[in-house]
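Here is a short report on a single protein chain. Keep the structure viewer open while reading.

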Amino acid sequence: MMSLAYHICKLSRARHVLFTFNERLYRTDGVQDKVKLPQRLIHRHDFEHFLTSYDNFLLDCDGVLWQTDHVTPIGGISQTIELLHSLNKRLLYVTNNSMHGRSMYVEKFKKYGFEAAIENIFGVAYAAAVYLKKVSNVTKKVYVLGSKGMIEEMDLLNIDHFGYGPDPDIPSWNPEELLKMNFSDDVGAVLIGFDEFLNYNKIFKAASYLTDNTCLYVATNNIESGVLIAPNRRQPLTGCLVTAVTAASKREPVVLGKPNTLMFDCILEQYPSLVKKRTVFIGDSLKADIAFAKNVGIDSALVLTGSTTLETLKAMPDLQPTYILDSFADLSK
């Protein structure tokens with residue numbers, strides 16, 4: 001006898017109706033589980049209903065606006081953003097990528113055919129500067145393992161910092177040479193983001209500053225540790241840098257990026273009238289984006305142009321989005 005789930009799915013296909021939270025069966029590690037699958041947006045009327053349901057669209061960048069290698073375009077994205085603007089939707093860009101500050105994202109967006117006001121960009125480089133200056137009230141120097149974008153955001157808030165770029169000391173494992181390296185006596189925080197110049201010296205210095213328990217330890221994010229940018233080529237990301245310093249220092253950082261909620265606090269500070277029920281987060285990562293939406297209490301849409309596949313979705317039943325989109329670009333089709 002055919003199951004009820006089978007007949008429901010068959011009826012849905014016949015009527016071109018979505019698989020809207022139908023109870024379905026699949027196997028994970030040999031165990032049969034019941035789950036509620038998200039609504040998959042595949043038809044024009046689905047998109048129209050989706051667009052009328054929300055006023056605020058929070059967008060991840062890597063894997064949503066372009067591919068996860070940070071550079072490869074996704075066709076149709078600029079048209080979708082143009083459509084949302086024409087419908088008077090509020091678009092806010094919320095990213096864990098600490099490579100760029102907000103002004104750098106403004107220029108990058110232009111390169112991909114659309115524009116955004118700087119006050120609508122909420123990245124971890126910006127969140128880190130706000131956290132250090134306005135939340136933790138750090139007055140001493142900040143030792144930074146990070147990017148030019150992070151430095152840009154800290155400069156805007158007049159945060160005293162050092163450490164960006166290649167380490168000035170010659171790399172060495174020799175304890176005698178390590179003890180001769182330059183250290184500051186006035187460090188109030190260690191901040192870690194994406195740092196292409198990371199080396200043994202920097203890990204040694206960061207861990208050493210953190211032996212002082214009054215020294216704040218802050219990380220932009222610890223979710224993304226590496227991404228495949230081409231066959232057999234995996235790029236290390238911020239998470240593995242944080243892991244190295246955490247292991248060496250035996251300290252746990254305050255993590256600012258998604259799925260933690262600090263960036264949503266920043267958004268609400270700037271847009272206090274934002275209504276959660278009229279807000280949706282669109283992202284490609286279950287652990288970062290979908291978990292972030294759940295943590296702050298808003299709906300979410302998972303796109304399949306980034307780090308998550310349908311098989312991954314089945315394997316993580318506790319992190320189900322509200323909707324599934326093949327691509328953010330589909331909304332303008």
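The text below goes through the annotated sites, then the aromatic pairs, then one hairpin.

**Annotated aspartates**

This is a predicted model. UniProt, in an unreviewed entry, places the feature "binding site" at Asp60, Asp62 and Asp284. These residues are spread over 225 residues of sequence, yet they cluster in space. The largest C-alpha distance among them is 8.0 Å. Asp60, Asp62 and Asp284 are included in the lining of the largest pocket. A second UniProt annotation, "active site", also from an unreviewed entry, covers Asp60 and Asp62.

Where do the aspartates sit in the fold? Aspartate 60 is found in the loop between S4 and H3. Aspartate 62 has its place in the loop between S4 and helix H3 (77-86). Aspartate 284 lies in the loop between strand S14 (279-283) and helix H11 (286-296).

Burial comes next. Aspartate 60 has 6% relative accessibility, so it counts as buried. Aspartate 62 is buried, with a relative accessible area of 13%. Aspartate 284 is buried too, with a relative accessible area of 4%.

The contacts tie these residues to each other. Leaving aside neighbours within four places in sequence, aspartate 62 is in contact with Gln67, His70, Asn97 and Asp284. Aspartate 284 touches both Asp60 and Asp62. Other residues that aspartate 284 touches include Val64, Thr68, Asp289 and Ser307. Aspartate 60 touches, among others, Val94, Thr95, Lys258, Phe281 and Asp284.

**Lysine 258**

The UniProt annotation "binding site" (unreviewed entry) also covers Lys258. Lysine 258 is placed in the loop between strand S13 (254-255) and helix H10 (262-270). Is lysine 258 buried or exposed? Its relative accessibility is 1%, under the 20% limit, and therefore lysine 258 counts as buried.

Beyond its sequence neighbours within four places, lysine 258 is in contact with residues including Asp60, Val94, Thr95, Asn96 and Asp289. Two of the partners named there, Asp60 and Val94, return in the table of polar contacts.

| Group 1 | Group 2 | Distance |
|---|---|---|
| Aspartate 60, side chain | Lysine 258, side chain | 2.9 Å |
| Lysine 258, side chain | Valine 94, backbone oxygen | 3.0 Å |
| Aspartate 62, side chain | Tryptophan 66, side chain | 2.6 Å |
| Aspartate 284, side chain | Serine 307, backbone nitrogen | 2.8 Å |

The aspartate 60 row joins two residues that carry UniProt "binding site" annotations: Asp60 and Lys258.

**Lysine 202**

Now another lysine. The place of lysine 202 is in helix H8 (residues 200-209). Lysine 202 counts as buried because its relative accessibility is 1%. Not counting residues up to four places away in sequence, lysine 202 touches Tyr143, Leu145, Gly163, Gly165, Asp167, Asp195 and Phe197.

**Aromatic pairs**

How many aromatic pairs does the structure hold? There are 20 aromatic pairs. One of them is formed by tyrosine 54 and tyrosine 323. This pair is edge-to-face, at 6.2 Å centre to centre and 85° between the planes. The pair links distant parts of the chain, 269 residues apart. Tyrosine 54 is in the loop between helix H2 (44-53) and strand S4 (56-59), and tyrosine 323 is in strand S16 (residues 323-325). Both tyrosine 54 and tyrosine 323 are buried.

Tyrosine 143 and tyrosine 209 pair in another way. Their ring centres are 5.2 Å apart and their planes are at 55°, so the pair is tilted. Tyrosine 143 is in strand S7 (residues 141-145) and tyrosine 209 is in helix H8, 66 residues apart. Tyrosine 143 counts as buried at 2% relative accessibility. Tyrosine 209 counts as buried at 8%. Tyr143 is also one of the residues that lysine 202 touches.

Which residues do ring pairs link into a cluster? They are Trp66, Tyr93, Tyr105, Phe109, Tyr112 and Phe114. Tryptophan 66 also has the polar contact of 2.6 Å with aspartate 62.

**A hairpin**

Strand S11 (residues 226-230) and strand S12 (residues 233-236) run antiparallel and are joined by four bridges. Leucine 228 stands opposite arginine 234 in S12. S11 and S12 form a hairpin with two residues between them. In the turn, asparagine 232 has a positive phi of about 65°.

Notes: Residues are numbered from 1 along each chain as its sequence is written. This is a predicted model: local features need pLDDT of at least 70, side-chain atom pairs count only at pLDDT 80 or more; totals for chains, interfaces and linings use all residues. Side-chain values use heavy atoms; hydrogens and water are left out. UniProt positions are given in the numbering used here, feature names are shortened, and annotations may be inferred rather than shown by experiment. Buried means under 20% relative accessible area, exposed over 50%, partly exposed in between (1.4 Å probe, protein chains only). Contact means heavy atoms within 4.5 Å. A polar contact is a pair of N or O atoms within 3.5 Å; within protein, one must be able to donate a hydrogen and the other to accept it, and residues adjacent in sequence count only if both atoms are side-chain atoms. Rings of Phe, Tyr and Trp (its six-membered ring) pair if their centres lie within 6.5 Å; planes under 30 degrees apart count as stacked, over 60 as edge-to-face and the rest as tilted. Two strands pair if DSSP finds at least two bridges between them. On a 1 Å grid over the protein atoms alone, a cavity is a set of points where a 1.4 Å probe fits but cannot get out, and a pocket is an open set with protein on both sides within 12 Å along at least five of seven lines; lining residues have an atom within 4 Å of a point.
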